[in-house]
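Student: Got a minute to go through a model with me? I'd like to talk about its charges and what's tucked away inside.

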Amino acid sequence: MGLPALEFSDCCLDSPQFRDTLKSHEAELDKTNKFIKELIKDGKTLISALKNLSSAKRKFADSLNEFKFQCIGDAETDDEMCIARSLQEFATVLRNLEDERIRMIENASEVLITPLEKFRKEQIGAAKDAKKKYDKETEKYCGVLEKHLNLSSKKKEAHLHEADSQVDLVRQHFYEVSLEYVFKVQEVQERKMFEFVEPLLAFLQGLFTFYHHGYELAKDFSDFKTELTISIQNTRNRFEGTRSEVESLMKKMKENPYEHKTISPYTMEGYLYVQEKRHFGTSWVKHYCTYQRESKRITMVPFDQKSGGKGGEDESVILKSCTRRKTDSIEKRFCFDVEAIDKPGIITMQALSEEDRRLWMEAMDGQEPVYNSNKDIQSEGTAQLDTIGFSIIRKCIHAVETRGINEQGLYRIVGVNSRVQKLLSVLMDPKTASETEVDICAEWEIKTITSALKTYLRMLPGPLMMYQFQRSFIKAAKLENQESRVSEIHALVHRLPEKNRQMLQLLMNHLANVANNHKQNLMTVANLGVVFGPTLLRPQEETVAAIMDIKFQNIVIEILIENHEKIFNTVPDALLTNTQQGSSWKKSNDSKPPSCSERPLTLFHTVQATEKQEQRNSLINSSLESVVSSNANSILNSNSPLQPSVNSSDPELEVMKPTRPSSLPPNPSPTSPLSPSWPMFSAPSSPMPTSSTSSDSSPISSPYRKAKALYACKAEHDSELSFTAGTVFDNDEEMRPSEKKQLAQGHTASK
């Protein structure tokens, strides 16, 4: 398990968990700083002490072997694992080189010592300076806040307003310093992955140049060196992408922090001052409080931000009522009283501001008016996966593959935004979109077309691979075995809606063609993953942890491109097994000729009285078409009048017209989550028409269109539900006298 991500939204709350996370990052930076200093010292000893070369190299190798990288997040990419493994590889090489005892070490100071000292001074040193500033601002803010809260409410209104403004300025400054410090710590943690390892790689390369007897060893090392170089470059590229995203998120948090709060399991949380009675009087103790509306549980943790430690044991009570405290009844401002079920007496609390008190009162259902700060910030996309959408993507792909498949930096180089928007407006015009045979004009540059394709995919209401599967795809990319990754992603793709899967297949086939020409366009599978990962698999919530997962989004796209033929043209193993089981079950039933004893069809399932009626109605609708298709011919060809066993006086009986529920799939599998827990009738090969006026597609000829439904009959026992074929008439036709007579006879016989 790596270091937890530092969320910018936690800077505002400044919770104990946030401080603990920050401490772990600071400890990791101190550990890295000490290790770099030791590494620099060992390197200088290695260069200067030629006579003690063997012992110095071994110590250096031991230092490398003992250090372990701590990555941010709960999993590592292949590149990060390669980089983390690199130190152990370096140590092995150095131990082997010790036997050669060759003293050819030149330029070691330039390629090793200088970059490490630069990284330690410029990056880790800057982080230490930011920490000093952050600690200073924390102490200043807490002092000003305590002084402000101790002001008497009897002060003049102007004096109080001035004090409020001063606290707001100090709070805002503290918040900005906190965000900048978190950003710097995050940046240094990411930079060390390549700025720290890269000088070591250069140092080893210099050693190979001067070691004649180490030629064979260097030859063996070359494969790993190539892999590590690619991993470092990929990590650098991902860092550049994630750094801009993190910086953008930090700027958004600075501008409006309340719109980017992290989703919390608590209804309300934050710092409150709780009045405690002591022997010498009363005192106000600072607590970090959380409240859950569902359980009405308030948890109070005494915590001092300045010392960074708890001031006592946690306390938890069940809320009974919350009442706003009148200003003239207490000297403190922003107070409210809480009454608990499991604790006698009244708990008086002081919020940090009037707005803070209002939010606490709202969360606890106090006397303050209801206020909902939640805001739906999702915008509705204008693009859709319809005929126009597929036409646009196909036109863009055709233009790229016919005119620009070999252009360098394809899809990485972006077009001019105004030109891209103009092209999209032309393509999305219904008049232009309907002309499927018309290609995109040659006047449009390839970079404009590729940018239009990516922009259209981002304009969809949701990502192409859907928010609900985003975490599943990420978890699949984090699996250790490559075969397991492919298998899991294969299954997930076939869970996507049909249109999403068709569009994804169209896109992956195209990207595979692009990757096949990477020698000309320089767009490898990895590069295409970097470009399309955030577009096709973007998260629903923009957080630092989500940005750290961009590298796994890229891996998902790489797997889709490399295995597109298997993923889209074959059925996953799990789905194939279910289909075979369903087919064998249907085949065994279809092979038996229908007999009179099998009619009426009976389902045995014991349920509760209220549940039985609901299942009976849903079962009639979902099974209607299969029964009609299997019995219609025998009913229509019979010369004897139909006598359905219907008790017309029973209020539970109802004539149902055959309609297919729009929410159910045409052919649910036996293991489908939409399938009932008892056996279902096999659906007909072609769905029944829902309109009574449509006769072309109906399997029943027009003179017999009336025989299209069933009578739902009450069973003799509660555990049975029977269906008997009968005749029902369309709403737009009248019943003939002979038919009325037949129906009456059937009712009399059943009675």
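**Salt bridges, burial and a patch**

Tutor: Sure. The structure holds 28 salt bridges, and keep in mind that this is a predicted model.

Student: Take the salt bridge between Asp-78 and Arg-485: how far apart are the closest N and O atoms?

Tutor: Asp-78 sits in helix α4 (residues 78-98) and Arg-485 in helix α15 (residues 482-493), so the pair links parts of the chain 407 residues apart. In space, the closest N and O atoms of Asp-78 and Arg-485 are separated by 3.0 Å.

Student: And is Arg-485 buried or exposed?

Tutor: Its partner Asp-78 is partly exposed, at 38% relative accessible area. Buried means under 20%. Arg-485 has 4% relative accessibility, so it counts as buried.

Student: Which helix holds the partner of Arg-85?

Tutor: Arg-85 forms a salt bridge with Glu-227, with 4.0 Å between the closest N and O atoms. Arg-85 is in helix α4, and 142 residues separate the two partners. Glu-227 belongs to helix α8 (residues 215-255).

Student: What does the bridge between Arg-325 and Asp-337 tie together?

Tutor: The closest N and O atoms of Arg-325 and Asp-337 are 3.1 Å apart. Arg-325 lies in the loop between β5 (315-324) and β6 (335-340), while Asp-337 is in strand β6. So the pair ties together parts whose separation in sequence is twelve residues.

Student: Which residues do salt bridges with shared partners join into one network?

Tutor: Side chains of opposite charge can pair when their charged atoms come close. Here, shared partners join the bridges into one network, made up of Lys-184, Glu-187, Arg-191, Glu-195, Arg-243 and Glu-247.

Student: Now the surface: which residues form the positive patch?

Tutor: Helices α2 (16-48) and α5 (108-149) each supply at least two residues of the patch. One of its residues, Lys-34, is in helix α2 and is exposed, with a relative accessible area of 62%. The patch is formed by Lys-34, Lys-37, Lys-128 and Lys-132.

Student: Why does Gln-553 count as buried?

Tutor: Gln-553 is in helix α20 (residues 550-562). Leaving aside neighbours within four places in sequence, Gln-553 is in contact with residues including Gln-470, Ile-474, Pro-534 and Leu-537. The cut-off for buried is under 20% relative accessible area. Gln-553 counts as buried because its relative accessible area is 0%.

Student: What share of the protein is made up of buried residues?

Tutor: The protein has 24 helices and eleven strands. Of its 751 residues, the buried share is 44%.

Key. Residues are numbered from 1 along each chain as its sequence is written. This is a predicted model: local features need pLDDT of at least 70, side-chain atom pairs count only at pLDDT 80 or more; totals for chains, interfaces and linings use all residues. Side-chain values use heavy atoms; hydrogens and water are left out. Patches are made of residues with over 30% relative accessible area and no salt bridge: like charges are joined within 9 Å, nonpolar side chains (Val, Leu, Ile, Met, Phe, Trp, Tyr) within 5 Å. Accessible areas come from the Shrake-Rupley method with a 1.4 Å probe; for residues, only the protein chains shown count as cover. A salt bridge is a side-chain nitrogen of Lys or Arg within 4 Å of a carboxyl oxygen of Asp or Glu. Lys and Arg count as positive and Asp and Glu as negative; His and the chain ends are not counted. The place of a charge is taken as NZ of Lys, CZ of Arg, CG of Asp or CD of Glu. Helices (H or I, at least four residues) and strands (E, at least two) are DSSP runs, numbered from the N terminus. Buried means under 20% relative accessible area, exposed over 50%, partly exposed in between (1.4 Å probe, protein chains only). Contact means heavy atoms within 4.5 Å.
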